[in-house]
Structures are given as structure tokens and as C-alpha cells.
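The following note sets out a colleague's remarks on one structure, arranged as numbered points. Please read them with the sequence and the coordinates at hand.

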Amino acid sequence: MQQIKSFLNNRIEVCIGDITTLSIDAIVNAANSSLLGGGGVDGAIHRAAGPSLLEECRQLRSSHYPNGLSTGEAVITKAGNLPSKHVIHTVGPIYNPNDPAMPELLASCYTTSLTLAAEHKLTVVAFPAVSTGVYGYPKSKAANIASDAVIAFLKKNAFPQKVIFVFFKTKDADIFLDNAGFPQ
Ligand code: AR6
């Protein structure tokens, strides 16, 4: 994992690498409402975590979310064989430029994930760029929404102490930094 920038007295880091390799309190999964896995970062997380994560997700579906997890919501599980202690699964919006609810739904992914982290007193949490892959959210717009949501949350809450934005590709990290609302 390569750290390229930090902000807000080191409470925010921007890194390039594979989120599944992080030994921290929680990594966030850009899941779908089924919670039963998929491609992209979701596929990578389930592959690295092994079958116990899928089993816990199956149980959550039958106990709490028979119709799936709604867009903008988040749920926390253990992390199976991953080096991280927990996975926070959130469902980003599938991008639709004509739907005015998009920014609010994407911001909600970050805020509900961070609320769970705070409730569990987690110190370090990492996010992938939710919705910006298969779900097609423009990376520049998503950068602005994600950074604003995280800054607002951290200013109001002591936990988590640190949030890491993780990008798989250097170019995505550059787009993020160009469009994020971090104080320079
Ligand atoms: N570490 C960090 N970032 C990653 C990794 C990784 N190992 N792998 C991919 N990314 P996506 P979405 C980046 O498509 O748009 C799945 O099928 C990737 O480069 O994973 O929210 C789910 O099951 C991109 O920037 O998530 C859903 O059906 C970002 O993660 C759907 O895709 C998000 O891309 C969710 O789509």
C-alpha cells in the first residue's frame, strides 16, 4: 500500500493499492443489495475472506434483510481470512444522471458506514471508491461527494480516528485528489 497524501491532521489518508491487504479495523465493501458477492472490489474481498464471510452475509440476509440491503445503507460483519478485523458492506447507487437523489445516496454510503464504525469504536477504516466501477458513478463527482461526507463526519466524531481512501489505480487517485474538497 502506497500512501500518497494525508489531510485533516492525518485523520484522512489517500493510498494506492489493494484494499484486501490492509490490517486495520475495517475495510468497506462496495457491495450490491444481495450481499452475496459480485465482481470488482466485492469479488476481491470475498475471495480473500473465504467462505465464512459469505456464510455470515447469507445469515444476515435471512435474519435482517430478506429483501436485500437498500442503496445507501451499510452493515458490518467479521472478515473471515482477511487481515482486517471487519468488513462494512455498503450498497452504492447505480449511476443515473437523471436521478437527483444520486449525490445523497452516495454520501449516505459513507455516512452510514462511518456511523457503524463509530458505534463499534473502530479506529481505522478504509473505503474503496464506492459506485465508481461497475455502477458507473463519474469519478470526479464521486470524489467530491465522498470527501465532503467523510470530512463532515470526522469533524463531528472522534471515531473512527482515521479514514483511508484506497484506489486501485494511480489515475483514479489523481482524479480523486483533483476533485476532493480537502483543504490544501
Ligand atoms: N482494492 C481497492 N479498490 C478496488 C479493488 C481492490 N482490490 N478492486 C477494485 N477496486 P466496483 P461499484 C476499485 O466495480 O462501482 C460488484 O459486482 C475499482 O477500481 O468494485 O460500487 C458488486 O457486487 C473501482 O474504482 O464497485 C456490485 O454489483 C472501485 O473499486 C457492483 O460491482 C469500485 O468499483 C458495485 O459496483
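1. In the hairpin of β1 and β2, which residue takes a positive phi? In this predicted model, that residue is Leu8, with phi near 50°. Four residues stand between the two strands of the hairpin, and Leu8 belongs to the loop between β1 and β2. Most residues other than glycine have a negative phi. The value at Leu8 is thus worth a check by the reader, as Leu8 is a residue other than glycine with a positive phi.

2. The strands on either side of that loop run antiparallel, and five bridges join β1 to β2 (residues 12–16). Within this pairing, Gln3 has Cys15 of β2 as its bridge partner.

3. Both strands belong to an open sheet of seven strands, ordered β1-β2-β7-β6-β3-β5-β4, with mixed pairing. Since β1 (2–7) and β4 (74–78) each have a single partner strand, they stand at the edges, and one side of each is left without a neighbour in the sheet. On average, neighbouring strands are turned by 25° against each other, direction ignored.

4. The pairing of β3 with β5 (residues 86–91) is parallel and extends over six bridges. Here Asn29 has His89 of β5 as its bridge partner.

5. Val124 is a residue of strand β6. Its C-alpha atom is separated by 6.8 Å from that of Ala26, although the two are 98 residues apart along the chain. With neighbours within four places in sequence left aside, the contacts of Val124 are Ile24, Asp25, Ala26, Lys162 and Ile164.

6. Two helices are to be considered against the sheet. Helix α2 (residues 51–63) lies across β4 and β5 and runs at about 135° to β4. Helix α3 (residues 102–119) lies across β3, β4, β5, β6 (124–127) and β7, and its direction makes an angle of about 155° with β5.

7. How do the helices α1 and α2 pack, and at what angle? Their axes are 6 Å apart and meet at an angle of about 115°; α1 and α2 are therefore roughly perpendicular to each other. On the α1 side the contact is made by Ile45, His46 and Ala49, and on the α2 side by Pro51, Ser52, Leu53, Leu54 and Cys57. The residues of this contact divide into six nonpolar, two polar and no charged.

8. The largest pocket has a volume of about 780 Å³. Of the 37 residues in its lining, Gly40, Val41, Ala129, Thr132 and Gly133 are the closest to its centre. The elements that give two or more residues to this lining are β3 (26–31), α1 (40–49), α4 (139–156), β7 (162–167) and α5 (170–179). By class, the lining residues comprise 21 nonpolar, 11 polar and five charged.

9. One peptide bond also calls for comment. Which form does the bond from Phe159 to Pro160 take, cis or trans? The bond is cis, with omega near -5°. Pro160 is found in the loop between α4 and β7, and both of these elements give residues to the lining of the largest pocket. As a general point, most peptide bonds are trans.

Key:
Residues are numbered from 1 along each chain as its sequence is written. This is a predicted model: local features need pLDDT of at least 70, side-chain atom pairs count only at pLDDT 80 or more; totals for chains, interfaces and linings use all residues. Side-chain values use heavy atoms; hydrogens and water are left out. On a 1 Å grid over the protein atoms alone, a cavity is a set of points where a 1.4 Å probe fits but cannot get out, and a pocket is an open set with protein on both sides within 12 Å along at least five of seven lines; lining residues have an atom within 4 Å of a point. Grid points are joined across faces, edges and corners, and a volume is the space filled by probe spheres set on the points. Ala, Val, Leu, Ile, Met, Phe, Trp, Tyr, Cys and Pro count as nonpolar, Asp, Glu, Lys and Arg as charged, and the others, Gly among them, as polar. Two strands pair if DSSP finds at least two bridges between them. Axes are lines fitted to C-alpha atoms, for helices over the stretch in contact, and angles run from 0 to 180 degrees between N-to-C directions. Contact means heavy atoms within 4.5 Å. Angles under 35 degrees count as roughly parallel, over 145 as roughly antiparallel, 65 to 115 as roughly perpendicular and the rest as oblique.
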